Every structure is written in structure tokens, then in C-alpha cells.
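This report introduces a structure to a reader who has not met it before. Please look over the sequence and the model before reading on.

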Amino acid sequence: MTQPIPRHPDPGNTGTDALDDVVREHMLLLRRAVHGLGAYRRPEALDRSAVLLLARLEAQGPMTMAELAAAFGLDVSTLQRQIGAAQRAGFVERFRDPAGGQARLHRATDAGRAALEGELAARRAAVAEVTRSWPAPDVAALARLLRRFNEGSEELREQPWPRERPEAPGAAAVPAGTARLRFREMTEADLDVLVGLLGDPEVMEFYPAPKTRAEVADWIAWNRRSYAEHGHGLWIVETHAGAFVGECGLTWQRVNGERRLEVGYHVAPVLQGRGYATEAAAACRDHARDVLGAPELVAIVHPENTASRRVAEKIGMEVLEEDRTGVDASYLEAIGAEARTVLGMRLA
């Protein structure tokens, strides 16, 4: 016969009885209240590690093996087994970082997102069954207290879970227009103008090589994934009359093993020297601060790219460090540099 957890008096009125209640109810929460319901006994139900992995990739976007290991507090070998199982199921895929990062990234596939959505819908139905007689304010109160409890645990472990999702694709805001410029998302229809920009040897002087048409198509696809996963990316910059100027925006980059938000900018050669890059970069800086709530912004430039460095300095940045590991060694060799210069500024 199952024995109840012993209850002890609380001589100091310090809340010991309440803590005992929390311990007991937490122990019973998933095992009895939810796991015994049909949603958790489905043959197609995902296991716990798959749910957490897919949910984390959906919440944060593509991540490296090291980032996932740190997020979950797992050793790499354990995580490799979990990711391997998810890959074999077709739920997760590895891909090369389009920005040149050395480590491979992982992301959820369409099948993985569909499986996660189905799993969460089933769990939502199970919770609804348990709470079907509850007043709506009680359900909301439970959600708030559970989040508070989890956030407290995450704070102690220094492993916060990213709860706030970016807006859906197409709904994400672009930076506010300036006196001369406006922003919009890039699409496949911009392939020709972007080939003209990113395939130009002058624009790509400090990169390994001008981009081919296929590489520019991949570049557009990468930015569109960034819109979907993060709510931002590189945007098309044009005049208010609709004339193409270049691209400028906000993307996640790796700097010496850390993930940093960068402002990037390229302006068509015939329009350089008119202050367009500085104007667009300042608008993106303000967007990062006022809309995204980013605490910091960086710009990563070739050590000899004085024009790009001046743009970063004009919007308030200063040199912070050199990046030696954010891209492959072959990339640094191709651009003829031992490291990239990182400028940055605090936004909050």
C-alpha cells in the first residue's frame, strides 16, 4: 500500500508545510494528472528529449551542438545520441552556417515542426481535460505560477528557456523609414538586383569572392529563414521612390564562440559615398534597441575595410575585440586576414 508523504508541523511558521505540498504535488503532477491520459499513451507520442529538442530549436532558431549542450546542461555524447535519433526520424537536420561559422547548425525540419505541433496539441487537450471544470482565471493563475517556478529553477541553473517567439513570417516589423530610405523584406524576385550587388567585385572586395547566382539564391533563402525564426534579417534598402540602394539589417553571428547580434550593410557601388550605409545602419540600430530590445549590437569588419569601419563608428560603435574563431580558418585565409575586427555598442 502506498504511504503518504509524512507531514510535519511548522514550528517556526516558515512555510514548511507549503513546501512539502509543493514537493508532493510536483512529484505527482505529470505522472498522475497528465501522463495517465490518452494524449500521452498515443503510439505516435514523442519522447521527452525529442519534445524538448524540437521546442528549443523552434524557440531559439538554429543552434550548434555546443549551444544545445549548454542550454540543456548535457554532455555532448548524450546530446549527440538525442540529436541522432531526431535526425533518423527526419525531425532535425544539420546544415552549414551561411554566414561562414565553423560549427554546423541544427534546425527543426518541416516534419519535426509538424510532429511538435501535433504533440503539443495533444498535450493541450489532456490539460484541458484535467481542468475542464476550472474557472478560466484559475487556469491562467496555474500557468503564471508554473512559469514563475520554472523561471526560478532556470535562474539557479543559469539555463534560461527562451519563451518569447518572434512574430510570424511576413508579420515581423522592418525598421522605420528614414528621410531618404525605406526597408522591406527581400524575396526571390530580388535575385537579379542582389546578384548585381553581391556579385560585384568592388562590393565583395573584403570577402572570399563575389557570390554566384546560386549563392545569392541561398543568401535570400537564409534571410527569409531568419525572418521566420528570429523576426529579423538583412532587408532590402530602397529610396522612397522604390530605387534599389542595397541591403542592411540584423543577423545573428558568432564571435569567438558567442552568439552576437550584428548590423550588416552593403550599398551599390554607384551610390556609395552618399551616407546611405550610415543612414540605414542607424535605423537598424534603433530597431534593435527599440523594437527587439537587444542589449548590444556589433559590426564585424575586415581589418582593412576602413569604409565599413567608419559606418560602424558613425552610429556609435567602438572596437571591442578581434574574432578568430567565428568563421572557418579557410575563410580567414581567403580574405587574407588573421582575424576580423569586431566593433560594438551597448543599447541598454
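Which residues of H4 are buried, that is, under 20% relative accessible area with a 1.4 Å probe and protein chains only? They are Thr-78, Leu-79, Ile-83, Gly-84 and Ala-86.

## Basis of the model

This is a predicted model, in which local features need pLDDT of at least 70 and side-chain atom pairs count only at pLDDT 80 or more, while totals for chains, interfaces and linings use all residues. Residues are numbered from 1 along each chain as its sequence is written, and side-chain values use heavy atoms, leaving out hydrogens and water.

## Helix H4

The cover over the buried residues of H4 includes helix H2 (48-60), helix H3 (65-72), strand S1 (92-95) and strand S2 (105-108); helices (H or I, at least four residues) and strands (E, at least two) are DSSP runs, numbered from the N terminus. After H4 comes Gly-90, which has a positive phi, near 80 degrees.

## Nonpolar cores

The largest nonpolar core, a set of buried Ala, Val, Leu, Ile, Met, Phe, Trp, Tyr and Cys residues joined through side-chain atoms within 4.5 Å, has 46 residues. Among those with the most contacts inside this core are Phe-183, Cys-248 and Leu-297, and helix H9 (residues 276-290) gives the largest share, eight residues. A second, separate core has 19 residues, including Leu-57, Phe-72, Leu-79 and Leu-116.

Leu-297 touches residues that include Leu-250, Val-263, Met-317 and Leu-343, where residues up to four places away in sequence are not counted and contact means heavy atoms within 4.5 Å.

## Helix H6

Val-139 lies in helix H6. Because its relative accessibility is 33%, Val-139 counts as partly exposed, the class between buried and exposed (over 50%).
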